[in-house]
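Student: I would like to learn how to read a protein model. Could we go through it feature by feature?

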Amino acid sequence: MMFGSTLSEFQQAKPYLNIMGRSIFYCGDCGKGQLIKAFNNVVCDINLAAISEIMPLAMESGLDPNLLGQLFTTGSSRSFAFEHFVPHIIERTFTGDYSLQGALKDIINFQQATSEFNDNTPMFDVMVNTYQKAINMGFSEESKSAMLTSL
Amino acid sequence: MSGLVLALPNPLPSWLLKSQNFFCLPFTPEVDATLFGPNGVAEGAGKGSMIIDTSTIYVSDAQAFQTRLKAFELSYSDFLYQGYPFGRRMVALR
């Protein structure tokens, strides 16, 4: 859980915040809670764009999807995104999870930050391209892992 | 709200006992209306009150709320959490 405001307000609110959750982070002044959440989620989304590209190629190469799933969730490429989404991808289940449409807010918050600082973010740009393809194909209500279907 | 169950600490923090209002609001327009609409929080809350917003999703909107609420001598904080299903599975939410 990510809090953005003055440090004194955070300290005042902390007893109440502790009721709501266990992992509470003070992120800086107002808006930084949203910003750090967007950064975290964009890293997750980039992971998903990567697996969306790699998975079909690996299967075309004759690799066992279940073995791939085990490797992606235990090997050096392991991440929360993989642990959560790869089993669903192998089952080709793209419903009942966080939707592609729901991820748009993170993309917009991230884009506002990049435009403010004029930063170059090629991996983010590729992820957005994959994301947008899936949206355009009508998968906005399906899971973020539906990015796989756009490639 | 009869279905809502809150697990609160014992003893409760003294400031928590004073006055709290909880609103379940989906998106930024509803937050705006609740804060600044007729009989809104901005006019009704006592000076010095703290508003913790878990609903507004854009940085620029949160910062605008903070600026507008300063005129009412109210503080504003954005408070985000990893939503369903991530939050539950990462045990971030109690």
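Tutor: Start with surface area: accessible areas come from the Shrake-Rupley method with a 1.4 Å probe. Keep in mind that this is a predicted model.

Student: About how much area does chain B expose, and what share of it do carbon and sulfur atoms supply?

Tutor: The exposed area of chain B is about 6,100 Å², and carbon and sulfur atoms supply 56% of it. Of the 94 residues in this chain, 34% count as buried.

Student: What pattern does chain B follow along the sequence?

Tutor: The pattern is α-α-α-β-α-β-α, made of five helices and two strands. Contacts add to that picture: among those in chain B between residues at least 6 apart in sequence, 63% join residues at least 24 apart.

Student: How is a pair of aromatic rings described?

Tutor: By the distance of the centres and the angle of the planes. A search of the whole structure gives nine aromatic pairs over all chains. One of them joins Phe3(A) and Phe10(A), a tilted pair with 5.2 Å from centre to centre and 50° between the planes.

Student: Are Phe3(A) and Phe10(A) buried or exposed?

Tutor: Both Phe3(A) and Phe10(A) are buried. Ring pairs also link Phe3(A) and Phe10(A) with Tyr26(A) and Phe79(B) into a cluster.

Student: Which parts can an aromatic pair tie together?

Tutor: Take Phe39(A) and Phe110(A), which form a tilted pair with centres 5.1 Å apart and planes at 55°. Phe39(A) lies in helix 2 (residues 32-60) of chain A and Phe110(A) in helix 5 (residues 104-117) of chain A, so the pair ties together parts 71 residues apart in sequence. Phe39(A) is partly exposed at 36% relative accessibility, whereas Phe110(A) is buried at 12%.

Student: What do nonpolar side chains tend to do in soluble globular proteins?

Tutor: They tend to be buried together. In this model the largest nonpolar core has 29 residues, of which Leu100(A), Met127(A) and Tyr131(A) touch the most other members. In chain A, helix 2, helix 3 (65-74), helix 4 (80-91), helix 5 and helix 6 (122-136) each supply at least two residues of this core. Helix 2 of chain A gives the largest share, seven residues.

Student: Which residues is Tyr131(A) in contact with, leaving aside its neighbours within four places in sequence?

Tutor: Tyr131(A) is then in contact with Leu100(A), Gln101(A), Ala103(A), Leu104(A), Ile107(A) and Met147(A). Apart from the largest core lies another core, of 11 residues, among them Cys30(A), Ala42(B), Leu69(B) and Leu74(B).

Student: When can side chains of opposite charge pair?

Tutor: They can pair when their charged atoms come close. The cut-off for a salt bridge is a side-chain nitrogen of Lys or Arg within 4 Å of a carboxyl oxygen of Asp or Glu. By this rule there are six salt bridges over all chains. One of them joins Asp29(A) and Lys32(A), with the closest N and O atoms 2.8 Å apart. In another, between Glu83(A) and Arg78(A), the closest N and O atoms are 3.7 Å apart.

Student: Where do Asp32(B) and Arg68(B) lie?

Tutor: Their side chains meet in a salt bridge, 3.3 Å from N to O. Asp32(B) lies in helix 2 (residues 28-36) of chain B and Arg68(B) in helix 4 (residues 59-70) of chain B, so the pair ties together parts 36 residues apart in sequence. Asp32(B) is partly exposed at 27% relative accessibility, and Arg68(B) is partly exposed at 36%. The charged end of Arg68(B) also sits over the ring of Phe36(B), 3.7 Å from its centre.

Notes:
Residues are numbered from 1 along each chain as its sequence is written. Chains are lettered from A and ligands numbered from 1 in the order in which they are written. This is a predicted model: local features need pLDDT of at least 70, side-chain atom pairs count only at pLDDT 80 or more; totals for chains, interfaces and linings use all residues. Side-chain values use heavy atoms; hydrogens and water are left out. Rings of Phe, Tyr and Trp (its six-membered ring) pair if their centres lie within 6.5 Å; planes under 30 degrees apart count as stacked, over 60 as edge-to-face and the rest as tilted. Buried means under 20% relative accessible area, exposed over 50%, partly exposed in between (1.4 Å probe, protein chains only). Helices (H or I, at least four residues) and strands (E, at least two) are DSSP runs, numbered from the N terminus. A charge sits over a ring if NZ of Lys or CZ of Arg is within 6 Å of the ring centre and within 35 degrees of the ring normal. A nonpolar core is a set of buried Ala, Val, Leu, Ile, Met, Phe, Trp, Tyr and Cys residues joined through side-chain atoms within 4.5 Å. Contact means heavy atoms within 4.5 Å.
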